[in-house]
Each structure stands twice: as C-alpha cells, then as structure tokens.
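Visitor: I should like to go through this structure with you and ask how its descriptive terms are justified. Please set each value against its criterion as we proceed.

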Amino acid sequence: MIVVLLGAPGSGKGTQSKLLEASYNLKHLSTGDLLRSRSKVRDELGKYISDKIDNGYFVSDEVMLKIIEEELANKTNYNGYVFDGYPRNLAQAIKFDELIKKVGRKIDLIINLDINDAVIVERIAARRVCKCGASYHLQSNPPAIENVCDVCGSKLYQRKDDNEESVRIRIKKYYELTKPVVDYYQKQNLVTNIDALQSIDEVHQSIKRVLEVYSSDN
Ligand code: ADP
Ligand code: AMP
C-alpha cells in the first residue's frame with residue numbers, strides 16, 4: 001500500500017507517519033529526514049542540500065527524484081510506504097506518478113492534513129526532534145524525560161530551519177507550490193482531508209478509519 005501524507009509544515013505528517021509505520025508496517029519515507037541525513041556528508045551535494053533546507057528553500061526536483069528512485073529500489077519487509085514530504089510541487093507529483101507506474105505500483109490514498117498558519121507557527125516553535133526521526137512538542141507531545149528521546153535515548157534538539165524566517169518562507173512555498181499538489185490529486189479522487197487540529201491520537205484514529213474503509217473495499 002502506498003499512502004501519501006500532504007499538509008503544511010508542522011501539520012503532523014512526521015508524527016502520523018511514525019504511527020502508521022507502527023500500526024500498518026508501512027515504511028516511513030520522510031524526504032526531510034533523508035535530506036538531513038545526506039547533508040551530513042560534506043561533499044558538494046551535501047553542502048547544496050544544507051544550504052537549501054536550512055533556509056527553507058526546496059531542493060531541486062532532479063535530486064529529489066533520484067532519492068525517491070533509490071528508496072523505492074531498496075528491498076524491504078514492509079507492507080508499503082507512507083510518503084512524508086514528497087511530492088511537494090506539481091512537477092514532482094507528475095514524475096512521482098510516472099515512477100510509481102514504472103515500478104508497477106499505485107498510490108492508494110492521499111491524506112491531506114488541514115491546519116491553519118497560527119497553529120503551524122506555534123507547533124514549529126515548540127518542536128524538538130531526535131536524530132532517529134522522532135519528533136516531539138514541548139507541551140502537546142513531550143518526551144517522558146525532558147530533552148531525551150523516548151525511542152533511542154539521544155538528546156533532542158531544535159531543527160536549524162525551525163526559526164521564524166525559515167518558517168515564513170516554508171509556509172509561503174507551501175501555498176505557492178504544494179497546495180496545487182492537493183488540487184491535482186483531488187481531481188483524481190484520491191484525497192481525504194483530515195482536521196489536523198485534533199489531538200495526535202484523534203488524527204491517527206481518523207487516518208486509521210480511512211485506511212480501514214479503503215482496505216475493506218479493495
Ligand atoms: P510535519 O512533519 O508535518 O512538519 P510534525 O509531525 O513534525 O509535522 O509535527 C510538528 C509539531 O507539532 C511537532 O512538535 C509535533 O509533536 C506536534 N504535533 C503533531 N501533531 C500534533 C497534533 N495533532 N496536536 C498537537 N501537536 C501536534
Ligand atoms: P520537512 O522535514 O518535510 O519539513 O522538510 C525539510 C526541508 O527539506 C524542506 O523545507 C525542504 O528544504 C527540503 N525538502 C523536503 N522534501 C522536499 C521535496 N520533496 N522537494 C524539495 N525540497 C524538499
């Protein structure tokens with residue numbers, strides 16, 4: 001099964017992807033995590049990626065497609081994938097459709113997490129992350145021990161791009177470039193909108209209901 005989570009930065013894509021990974025054995029493919037990991041190699045590509053992500057700008061479609069192609073070529077024991085952060089513009093959505101067809105698969109569901117700008121800013125300011133990919137919120141989803149990851153015990157940190165200036169750019173890019181992707185998939189009747197202002201568990205239960213209805217019909 002291939003599920004794509006769409007939504008503005010801070011809408012909860014990473015949080016919900018981790019829950020879907022655990023509940024349905026779907027591999028969480030976060031392009032943000034993949035890019036952050038690749039940016040640690042300090043070669044030309046790594047430096048290019050750091051420069052883009054730290055400032056809130058998109059990495060090129062060519063680089064993104066290559067990363068996704070490589071990921072899909074890896075053999076896994078998962079039941080499918082949950083995509084978080086890709087596709088992020090129309091050109092990527094069109095290339096993604098081609099790639100998914102080429103590998104003999106289809107997109108099963110697109111979940112669009114609906115949020116508003118004030119909540120985005122609040123959530124991103126309070127987000128703390130771990131190098132293992134886990135994401136926390138200082139108030140609504142704190143770790144059991146302050147500043148320590150529940151999953152792997154590492155020290156939490158604030159993402160370099162989770163600052164006011166970068167968030168402003170990322171929200172603007174979301175409306176300009178990513179929102180049209182929602183409309184594109186809406187025309188293919190693939191999209192279910194979910195209220196991302198609900199609690200983390202309520203959003204998870206809402207997504208589970210969508211997956212269960214889909215699975216019983218297919
Ligand atoms: P995205 O991957 O879409 O950028 P995250 O999953 O990292 O978003 O969530 C952004 C922040 O909001 C994190 O601090 C996360 O713990 C918190 N968060 C996610 N979903 C909810 C929710 N439903 N209610 C409150 N806080 C949430
Ligand atoms: P995220 O972790 O999803 O918030 O992504 C962090 C950053 O990685 C984004 O602000 C972009 O700079 C970059 N990024 C992630 N996914 C993509 C994508 N599909 N296309 C271009 N850039 C991306």
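**Ligand, strands and cysteines**

Guide: Ligand 2 is surrounded by 15 residues, the closest being T31, Y57, G85, Q92 and R159. Please note that this is a predicted model.

Visitor: What makes the approach of T31 to ligand 2 a polar contact?

Guide: A polar side-chain atom of T31 lies 2.8 Å from a nitrogen atom of ligand 2. The criterion is a pair of N or O atoms within 3.5 Å, so this pair qualifies. With Y57, a polar backbone atom is 2.6 Å from an oxygen atom of the ligand, and with V59, a backbone N or O atom lies 3.0 Å from a nitrogen atom of ligand 2. On its own, ligand 2 has 480 Å² of accessible area, and the protein covers 96% of that area.

Visitor: Which helix gives the largest share of the shell around ligand 2, and what is the make-up of the shell by class?

Guide: Helix α2 (residues 31-38) gives the largest share, with four residues. By class, seven residues of the shell are nonpolar, four are polar and four are charged.

Visitor: How do you know that β3 is covered on both faces?

Guide: On one side G80, V82 and D84 are buried, and on the other side Y81 and F83 are buried. Five of the five residues of β3 are therefore under the 20% limit of relative accessible area. In a regular strand the side chains alternate between the two faces of the sheet.

Visitor: What makes β1 and β2 partners of β3?

Guide: The criterion for pairing is at least two bridges. Strand β1 (residues 2-7) is joined to β3 by four bridges, and strand β2 (residues 26-30) by five, so both pairs meet the criterion. Each pair runs parallel. Y81 in β3 is the bridge partner of I2 and also of K27.

Visitor: Why is C152 not said to form a disulfide with C130?

Guide: The sulfur of C152 is 3.5 Å from that of C130, its closest cysteine sulfur, whereas a disulfide requires the two sulfur atoms to be within 2.5 Å; the distance is therefore too far for a bond. A search of the whole structure finds zero disulfides. C132 is likewise in none, with the nearest cysteine sulfur, that of C130, 3.6 Å away.

Visitor: Why are C132 and C152 called partly exposed?

Guide: Partly exposed covers the range between 20% and 50%. C132 has 35% relative accessibility and C152 has 40%, so both belong to that class.

Visitor: Why does N189 count as exposed, whereas N147 is partly exposed?

Guide: N189 has 71% relative accessibility, which is over the 50% limit, so N189 counts as exposed. N147 has a relative accessible area of 36%, which lies between the two limits, so N147 is partly exposed. N147 is found in the loop between β6 (135-137) and α7 (164-186), and N189 in the loop between α7 and β7 (191-195). Phi is positive in each of these non-glycine residues, near 70° for N147 and near 55° for N189.

Visitor: What makes the peptide bond from Y86 to P87 cis, and where does P87 lie?

Guide: Omega of that bond is near 0°. P87 is placed in the loop between β3 (80-84) and α5 (90-102).

Note on methods. Residues numbered from 1 in each chain as written. Chains lettered and ligands numbered in written order. Predicted model: local features only at pLDDT ≥ 70, side-chain atom pairs only at ≥ 80, totals over all residues. Heavy atoms only, no water. Buried < 20%, exposed > 50% of the residue type's maximum accessible area, 1.4 Å probe, protein only. Helix = DSSP H or I, 4+ residues; strand = E, 2+ residues; numbered from the N terminus. Near = heavy atom within 4 Å. Polar contact = N/O pair within 3.5 Å; in protein donor to acceptor, adjacent residues only side chain to side chain. Areas by Shrake-Rupley, 256 points an atom, 1.4 Å probe, with all protein chains shown as cover. Nonpolar A, V, L, I, M, F, W, Y, C, P; charged D, E, K, R; others polar.
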